[in-house]
Amino acid sequence: MSGVWVVMEERDGRIGRISWEAVAAGQRLGAQLGLTVNAAVVGAQTETLAAEVAGRQALGKVVRVEHPLLAAYTADGFSLALQHFFEAEKPDFVVFPHTYQVRDYAPALAARLGQALIGDVTAIGADVAIGDGPVFTRQLMQGRLNGSYRHCGGGPCFLSVQAGAFRADAATAEASAAAVTVFSPTIEPAQIRTKPSERFRGAAQTVDLGSAQRIVSVGRGIKDAANLPLVQELATALGAELGASRPICDNGWLPMERQIGSSGQTVSPKLYLAVGISGAIQHLVGMKGSQCVVAINKDPGAPIFEAADYGIVGDLFEVVPALIEAVKAAMQ
């Protein structure tokens with residue numbers, strides 16, 4: 001067996017942030033089990049991407065899984081290529097970022113190797129009540145329940161990690177680059193049963209909350225759209241992006257692209273300031289990766305305080321102006 005392998009995902013010529021989060025998850029798994037962590041990049045020409053991965057993270061090695069038929073993504077091509085690669089490498093664990101692309105081909109890949117995929121993992125730990133080996137946590141019913149899963153039997157364990165569950169900056173980097181090699185799978189054109197078309201593109205967004213370092217998020221405690229400038233002023237003073245809970249966006253007070261939660265964006269900023277947000281589980285799912293959470297709510301029993309590092313119990317219309325003045329004074 002060859003340790004932990006992380007399959008990196010390319011989009012628009014770059015390695016996506018969630019792939020670095022998958023590396024952090026793989027390194028946590030490797031540290032727990034004393035296993036080497038490696039990475040694989042799949043495509044037709046991956047030299048630049050592989051060099052980026054090898055130079056940025058502390059990895060045993062990086063492999064370029066390359067074939068001309070992998071120039072455009074297809075589930076058939078990726079699952080076949082990685083099947084051949086992992087049959088040769090015999091990994092203990094394979095970690096994927098939980099993306100639309102991974103959801104398309106990874107279950108087929110796992111099935112080809114006689115395994116199941118443990119998808120959307122939010123935590124990796126150990127539980128002696130279940131037995132030896134790592135235990136993987138998945139959220140059920142939009143985060144209302146947690147389920148614990150463990151790989152049994154022989155062969156590699158396949159898992160994908162939820163966006164925001166592991167911090168990309170928690171991945172260990174080192175100055176010396178990992179060794180880069182090339183693996184050439186055997187794929188015939190007849191085995192690619194689908195014809196790639198134009199890649200799906202979601203609606204254009206004017207803000208990417210997923211990459212924001214500071215977010216001020218507003219909930220129904222703001223009472224009326226006319227009061228939103230107060231929270232915007234706080235966000236501006238902090239140099240933060242403005243986010244919102246679902247009721248704010250459903251009412252049309254802010255655009256849907258600013259919604260944070262299970263049906264909106266998943267974020268993991270250094271600072272998350274929740275203003276007038278009660279803390280419904282759907283919202284907590286979207287911001288649980290935040291490094292520091294500050295909550296302002298007049299209800300001392302609001303669920304948001306259970307997720308907060310710092311809590312202010314009070315009327316936001318009194319607290320927020322005071323915070324704005326304090327921030328401005330500190331900036332002078």
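Which residues touch the most other members of the largest nonpolar core? They are M8, V53, V62, V95, F136 and L159, in a core of 31 residues. This is a predicted model, in which local features need pLDDT of at least 70 and side-chain atom pairs count only at pLDDT 80 or more, while totals for chains, interfaces and linings use all residues. Residues are numbered from 1 along each chain as its sequence is written, and side-chain values use heavy atoms, with hydrogens and water left out.

**Overall form**

- The protein chain contains 9 helices and 16 strands; these are DSSP runs numbered from the N terminus, with helices (H or I) of at least four residues and strands (E) of at least two.
- The radius of gyration of the protein chain is 22 Å, which agrees with the value near 20 Å for a compact globule of 332 residues. This radius is taken over C-alpha atoms, and the globule rule is 2.2 Å times the number of residues to the power 0.38.
- The C-alpha trace spans about 65 × 50 × 40 Å along its principal axes.
- Of the contacts between residues at least 6 apart in sequence, 65% join residues at least 24 apart; contact means heavy atoms within 4.5 Å.

**Surface and charge**

- Buried residues account for 49% of the 332 residues. Buried means under 20% relative accessible area, exposed means over 50%, and partly exposed lies in between (1.4 Å probe, protein chains only).
- About 15700 Å² of the protein chain is exposed, and carbon and sulfur atoms supply 51% of that area. Accessible areas come from the Shrake-Rupley method with a 1.4 Å probe, and for residues only the protein chains shown count as cover.
- There are 27 positive and 31 negative side chains, and the centres of the two sets lie 2 Å apart. Lys and Arg count as positive and Asp and Glu as negative, without His and the chain ends; each charge is placed at NZ of Lys, CZ of Arg, CG of Asp or CD of Glu.

**Nonpolar cores**

- A nonpolar core is a set of buried Ala, Val, Leu, Ile, Met, Phe, Trp, Tyr and Cys residues joined through side-chain atoms within 4.5 Å. In soluble globular proteins, nonpolar side chains tend to be buried together.
- The largest core has 31 residues. At least two residues of this core come from each of strand 1 (4-8), helix 1 (17-33), strand 4 (37-43), helix 2 (47-56), strand 6 (93-97), strand 7 and strand 10 (157-161).
- Helix 1 gives the most to this core, with 6 residues.
- Another core, of 25 residues, lies apart from it and includes L238, V294, V319 and I324.
- Within the largest core, L159 is one of the residues that touch the most other members. Residues up to four places away in sequence aside, L159 touches F93, V94, V95, F96, L117, I118, V121, I124 and F136.

**Helix 5 and helix 9**

- Helix 5 (residues 228-238) has L228, L230, V231, L234, A235, A237 and L238 as its buried residues.
- The cover over these buried residues includes strand 12 (214-218), strand 13 (241-244), strand 14 (271-275) and helix 9 (316-331).
- G239 follows helix 5 and has a positive phi, near 65°.
- V319 is in helix 9 and counts as buried at 16% relative accessibility. Neighbours within four places in sequence aside, V319 is in contact with I296, I312 and G314.
- V319 and L254 are 65 residues apart in sequence, and their C-alpha atoms are 22 Å apart in space.

**Strand 5 and strand 7**

- V63 belongs to strand 5 (residues 61-66) and counts as buried because its relative accessibility is 2%.
- V63 and V180 are 117 residues apart in sequence but 5.6 Å apart in space, C-alpha to C-alpha.
- Leaving aside neighbours within four places in sequence, V63 is in contact with W5, A39, A40, V41, F85, T181, V182 and F183.
- T122 is in strand 7 (residues 117-127) and is buried, with a relative accessible area of 12%.
- Not counting residues up to four places away in sequence, T122 touches T137, R138, Q139, Q162, A165, F166 and K288.

**Positive phi outside glycine**

- D120, also placed in strand 7, is not a glycine yet has a positive phi of about 60°. At 23% relative accessibility, D120 counts as partly exposed.
- K223, in the loop between strand 12 and helix 5, has a positive phi near 75°. K223 is exposed, with a relative accessible area of 54%.
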